[in-house]
Amino acid sequence: MEILVCIKRVPDSSENEIEVNKDGTDIERDDLVYSVNEWDNYAVEEAIQIRDKVGGSVTVVSVGDEEAEEVVRREMAMGADKGILLSDDAFEGSDGKGIAAILTAEVKKGNYDLILTGAQADDGAAQVGGMLAAMLDWPFASLINFIEILDDKKIKVGREIAGGNQEMYEIDLPCVLSIQTGINEPRYVSIRGIRKVASLEIPVHTATDLGISPESVGEAGAKTKCLDYFVPELGDGAQILEGSTDEIIDKLIELLRAKGGIK
Amino acid sequence: MAQQVFAYIIHKDGVADDTALELIAAAGKLDPDASVTAVVAGDGSELDSVCNEVAPSFDEVWKIDNPALAYVTAEVLRPLLVRILPKHGIVLVPHDHFGMDLAPGLSIKLDAAYLPDAVDFEGIDNGKLKAVREEYTGQVSTHVLSDISEGAVITVRPGSFKADERKSGEGHVIDKTAQAVESGLPVGARRFLEIIEAEVGDVDITKSDILVSVGRGIEDQDNMEIIFELAEAMGGDVSCSRPVVDAKWLEKSRQVGTSGQTVKPKVYMALGISGAFQHVGGLKGSPFVIAINKNPRAPIFQVADVGIVDDILDLIPEITERINELKSA
């Protein structure tokens, strides 16, 4: 089975407090720790497990600048066979549809049976997988937390829905799935693993390579654009307990008792 | 020109979802002069009861009635919507598991702008809609500008608009089934099999009065012990947010949130939980919420009654010790 996994390099939200920069044009990007989007990492792990069961190959692809290469390489160290970077000045400022169009062009160059994306990334949009499927006219299912390969024509998948319930589907290949966290336990990447892939060449495909007209993607082609970043006007919010640790704990316990929080 | 807005109505067991009336409010904020049409898909009498329920609130209700829609799935519904929706309309869909399945592809098939997970609207100027979104699980907000002049599909975050209860619609139900299914139902490349219900765990957190809930801030499985010790001291049960279940440190039945359990305790301790809207969405019945998080910007502090900015790994053992001292005194 030929599997393509679409990944994104994002600020690691478990490692960073995200703040707005001085003029509100972006988040403050100095000193941010970046990593592969958490959902995408689960998708790569799932692809590797499928390949190890039924054979084939796993390719990871990312749309981004040269810095995105580090996450492509990281996922290759995890076990992906190939990496591709889609990079061009014309891609900058793309909205979800632009990213999906760029990925669609790359998919059409290959011969993939299955495409995985993360269910969402740092912007919480949860959009690229569904758009990619629509552009390819392939079936799509989102929030996948279970995959079973039935044969080379169809697979069985589970979708996470409300209340911890799961919708089960049979879906024909080729298809696009967006992967929910928790579907597996992504393996760690060892330093040795990183070293092994450090010198592998990662091909870079540009707009010209992909046959994409520059004005159809990037900021020029985007119908939805980010104007500014801001910290929302906070409501009343929580009453923040202050003082020494002892004082804070005293206040907390007093409140807990008053509200029935200690039986 | 007033916008023509279509609100997709999610329903279950013949009853409309809470988001139905929220989408009216969202449409009103988007454009106060908008005409708002509910679009409801389903089968037979359950569908009719949903249509009758929402009709007084909408200018029109469009229904698509077909046995294949007895359990509505996005892949079956999407091509039917493409057949009935006019060019350049604005389509609102709740940003939940169904909306995420349906809406991105719908925007491509309608060749419309896509605006995901909107939490507020700030007006339309020259065909461009200004909207508010959140990024990084609510740590920062953004204004986005979306060119809706050739139509748009917008997903709206559940709970971000207050339900419009005024019932100020006209209530006509129009049957769009013929147009929707005229060229047949789509070939099923994705076939619905069944629903697997959530497993019931050893503890039913939906019945707990006191929940000690833990999130990513616990950092390591070995640290989970301090949470159970605090819960025991307080006489409560342990629940959690999604990352703890993803890491397999607690079973899924203890997860609070839209994809987990809906809980209604009296007291809710949110420990090392950032407070993503999917988590907070599982918290009902106005509990007294205490949040402890080392990140002062964590959105959980907006929902909590009382907050402490500190590392839970340092603070929790001290709280437990103090409660135990008091109880033995």
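# Briefing on a predicted two-chain model

In chain A, strand 6 (residues 114-118) runs parallel to strand 10, and 5 bridges join the two. The model is predicted. Chain A holds 8 helices and 13 strands, while chain B holds 10 helices and 18 strands. The points below start with strand 10 of chain A, then take up each chain, the contact between the chains and the nonpolar cores.

**Strand 10 of chain A**

- Strand 10 spans residues 175-179 of chain A and is mostly covered, with 5 of its 5 residues buried.
- A:Cys175, A:Leu177 and A:Ile179 point one way from this strand, A:Val176 and A:Ser178 point the other way, and all are buried.
- In a regular strand, side chains alternate between the two faces of the sheet.
- Within the pairing with strand 6, A:Thr117 stands opposite A:Ser178.
- Strand 10 of chain A also pairs with strand 7 (residues 140-149) of chain A, in the parallel sense and over 3 bridges.
- In that pairing, A:Ile144 has A:Ile179 as its bridge partner.

**Chain A as a whole**

- Of the 263 residues in chain A, 47% count as buried.
- Along the principal axes, the C-alpha atoms of chain A fill a box of roughly 65 × 45 × 40 Å.
- When contacts in chain A between residues at least 6 apart in sequence are taken, 69% of them join residues at least 24 apart.

**A:Ile99, a buried residue in a helix**

- A:Ile99 belongs to helix 3 (residues 96-109) of chain A.
- A:Ile99 counts as buried because it has 24 C-beta neighbours inside 10 Å, where 20 or more are required.
- Neighbours within four places in sequence aside, A:Ile99 is in contact with A:Val63, A:Ser94 and A:Val128.
- A:Gly129 is 30 residues from A:Ile99 along the chain, and 9.9 Å separate their C-alpha atoms.

**Chain B as a whole**

- Chain B has 329 residues, and buried residues make up 53% of them.
- The C-alpha atoms of chain B fill a box of roughly 75 × 45 × 35 Å, taken along the principal axes.
- For contacts in chain B between residues at least 6 apart in sequence, the share that joins residues at least 24 apart is 65%.

**The two domains of chain B**

- Chain B is divided into domain 1, residues 4-181, and domain 2, residues 205-328.
- The centres of these two domains, taken over C-alpha atoms, are separated by 34 Å.
- Where the domains meet, 7 residues of domain 1 are in contact with 8 residues of domain 2.
- The side of domain 1 of chain B that touches domain 2 divides into 1 nonpolar, 4 polar and 2 charged residues.

**Helix 2 of chain B**

- Helix 2 (residues 44-54) of chain B has B:Leu47, B:Val50, B:Cys51 and B:Val54 buried.
- Seen down the axis of helix 2 of chain B, the buried residues fall within an arc of 100 degrees, so they line one face of the helix.
- An α-helix has 3.6 residues a turn, so residues three or four places apart point the same way.
- The elements of chain B that cover these buried residues include strand 2 (11-12), strand 3 (15-16), helix 1 (19-30), strand 4 (35-42), strand 5 (60-65) and strand 12 (172-175).

**Where the chains touch**

- The contact between the chains takes 69 residues from chain A and 72 residues from chain B.
- On the side of chain B that touches chain A, the largest share comes from strand 10 (residues 140-147) of chain B, with 8 residues.
- That side of chain B divides into 32 nonpolar, 18 polar and 22 charged residues.
- Strand 9 (residues 166-172) of chain A pairs with strand 13 (residues 190-196) of chain B in the antiparallel sense, over 6 bridges.
- A:Glu167 has B:Ile195, in strand 13 of chain B, as its bridge partner.

**Nonpolar cores**

- The largest nonpolar core has 128 residues, of which A:Val5, A:Leu132, B:Ala7, B:Ile9, B:Val91, B:Leu92 and B:Val153 touch the most other members.
- Outside its neighbours within four places in sequence, B:Ile9 is in contact with B:Ala16, B:Ala20, B:Ala38, B:Val39, B:Val40, B:Val50 and B:Val54.
- A second, separate core has 48 residues, including B:Leu211, B:Ile227, B:Ile290 and B:Ile300.
- In soluble globular proteins, nonpolar side chains tend to be buried together.

Notes
Residues numbered from 1 in each chain as written. Chains lettered and ligands numbered in written order. Predicted model: local features only at pLDDT ≥ 70, side-chain atom pairs only at ≥ 80, totals over all residues. Contact = placed C-beta atoms within 7 Å. Helix = DSSP H or I, 4+ residues; strand = E, 2+ residues; numbered from the N terminus. Nonpolar A, V, L, I, M, F, W, Y, C, P; charged D, E, K, R; others polar. Pairing = 2+ DSSP bridges. Buried ≥ 20, exposed ≤ 12 C-beta atoms within 10 Å, placed from the backbone. Arc of directions from axis to C-beta. Domains from an automatic or database assignment. Core = buried A, V, L, I, M, F, W, Y, C linked by C-beta atoms within 7 Å.
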